[in-house]
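Visitor: Please give me a close look at how the helices pack here, with the cut-offs behind each term, and then place that packing in its wider setting.

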Amino acid sequence: NILIIGANGQIGTELTSKLREIYPPNQVVACDIRRPDYDTLNAGPFEFVNVLDKENVKQVFLKYRPQQVYLLAALLSATGEQNPKLAWDLNMNGLLNVLDFAVEFKVAKVYWPSSIAVFGPNSPKKNTPQFCVMDPNTVYGISKLAGERWCQYYYKRFDLDVRSLRYPGLISWKAMPGGGTTDYAIHIFHEALKKQSYSSFLAADTVLPMMYMDDAIRGTIELMDADEANINIRSSYNFAGLSFSPKTLAEEIQKHIPSFKMHYKKHDERQEIANSWPHNIDDSDAKKDWAWKPEFNLDKLTLAMLENLKGGKRI
Ligand code: VAH
């Protein structure tokens with residue numbers, strides 16, 4: 001069996017569907033504190049799981065004896081700043097609970113997402129290397145950096161096969177994101193189609209690393225399928241798709257919706273978070289170790305978002 005904890009979130013929704021295409025759906029167990037309200041997730045087992053409730057997590061491990069566990073339950077960067085202690089508790093103790101049960105129940109592989117938020121104001125902004133100064137100044141980034149060290153530690157100390165990627169901002173249309181700094185790049189598509197205008201909470205020239213969700217899900221599964229001998233990084237891999245600013249994205253959308261107007265808010269706390277993050281990422285280790293290659297450039301991503309949202313499709 002495969003457990004996906006946080007199956008109802010932005011990543012979990014799509015990862016669960018994809019894994020249910022690859023594996024028998026009844027072996028892919030969606031776990032969340034909220035029951036999913038769309039069909040695909042109901043096409044397989046669902047369990048209420050609060051990752052902070054150890055007894056609850058243990059019962060699910062006992063019931064399913066998973067070979068693989070994906071832990072996706074977390075608070076993102078912007079929400080984390082509104083509730084730093086909860087963000088730390090959920091992001092850190094949630095991970096430790098899962099790592100401990102993974103060791104106890106001899107889970108073959110664990111996946112845990114990190115983020116480009118592990119970098120901070122003193123990390124190089126351009127082509128940010130795998131190893132460099134890391135001084136995150138959001139509680140989200142601090143929890144991801146600490147989490148990476150725990151993953152490496154459990155690998156070394158308990159021989160637990162933990163794998164991880166430092167996701168950039170993920171752009172998707174199937175489920176809404178929740179409380180991230182990169183969320184503007186999703187909201188913009190919804191508003192462009194609805195109102196032909198969008199008011200961005202990030203400034204026009206804020207370049208951030210981004211990726212289309214299909215690439216992220218494919219990369220995640222490729223990493224999990226890679227030969228163990230090729231995985232040389234046990235903290236978390238730099239993982240890159242493309243980079244763009246709100247202005248560039250708006251111009252790309254205008255090619256399809258010429259009447260689209262972009263406005264910029266004067267002040268938003270998320271700007272400071274974005275300013276502390278890299279512009280683009282050097283992911284040569286992912287390319288070298290398990291042949292990572294993104295497929296979606298800005299042109300393809302924009303078209304995919306507009307077409308899918310226009311069709312009003314949901315999974
Ligand atoms: C956030 N989307 O904005 C997340 C992400 C690259 C940052 O981890 O918080």
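Guide: Helix H5 (residues 84-104) and helix H6 (residues 139-158) have axes that come within 9 Å and cross at roughly 15 degrees. This is a predicted model, in which local features need pLDDT of at least 70 and side-chain atom pairs count only at pLDDT 80 or more, while totals for chains, interfaces and linings use all residues. Residues are numbered from 1 along each chain as its sequence is written. The helices (H or I, at least four residues) are DSSP runs, as are strands (E, at least two), numbered from the N terminus. The axes are lines fitted to C-alpha atoms, for helices over the stretch in contact, and angles run from 0 to 180 degrees between N-to-C directions.

H5 and H6 are therefore roughly parallel to each other, on a scale where angles under 35 degrees count as roughly parallel, over 145 as roughly antiparallel, 65 to 115 as roughly perpendicular and the rest as oblique. H5 passes H6 in a right-handed crossing; a crossing is right-handed if the near helix is turned clockwise from the far one by less than a right angle, and left-handed if anticlockwise. From H5 the contact takes Pro84, Ala87, Trp88, Asn91, Met92, Leu95, Leu96, Leu99 and Val103, and from H6 it takes Val139, Tyr140, Ser143, Ala146, Gly147, Trp150, Tyr154 and Phe158, contact meaning C-beta atoms, placed from the backbone, within 7 Å. By class this contact holds 14 nonpolar, three polar and no charged residues, where Ala, Val, Leu, Ile, Met, Phe, Trp, Tyr, Cys and Pro count as nonpolar, Asp, Glu, Lys and Arg as charged, and the others, Gly among them, as polar.

Two further pairs can be set beside this one. H1 and helix H8 (residues 213-225) pack at an angle of about 55 degrees with their axes 10 Å apart, which makes H1 oblique to H8. Glu14, Leu15 and Lys18 of H1 make this contact with Met213, Ile217, Thr220 and Ile221 of H8, giving four nonpolar, one polar and two charged residues. Helix H7 (residues 184-195) and helix H12 (residues 298-310) likewise pack at about 55 degrees, their axes 10 Å apart, so H7 is oblique to H12. H7 passes H12 in a right-handed crossing, with Phe189, His190 and Leu193 in H7 meeting Met305, Leu306, Leu309 and Lys310 in H12.

As for the wider setting, the domain assignment gives domain 1 (2-167) and domain 2 (170-210 + 241-310), with bounds that come from an automatic or database domain assignment. The centres of the two domains, taken over C-alpha atoms, are separated by 23 Å, and their contact takes 26 residues from domain 1 and 22 residues from domain 2. On the side of domain 1 that touches domain 2, helix H1 (10-22) and helix H4 (77-82) each supply at least two residues. Tyr140, one of the H6 contact residues, is also among the residues around the ligand, which include Ser77, Tyr167, Gly180 and Thr181; a residue counts as near a molecule or strand if its C-beta atom, placed from the backbone, lies within 6 Å of it. That shell divides into six nonpolar, six polar and no charged residues, and because domain 1 and domain 2 both give residues to the shell, the ligand lies between them.

Definitions and conventions:
Two residues are in contact if their C-beta atoms, placed from the backbone, lie within 7 Å.
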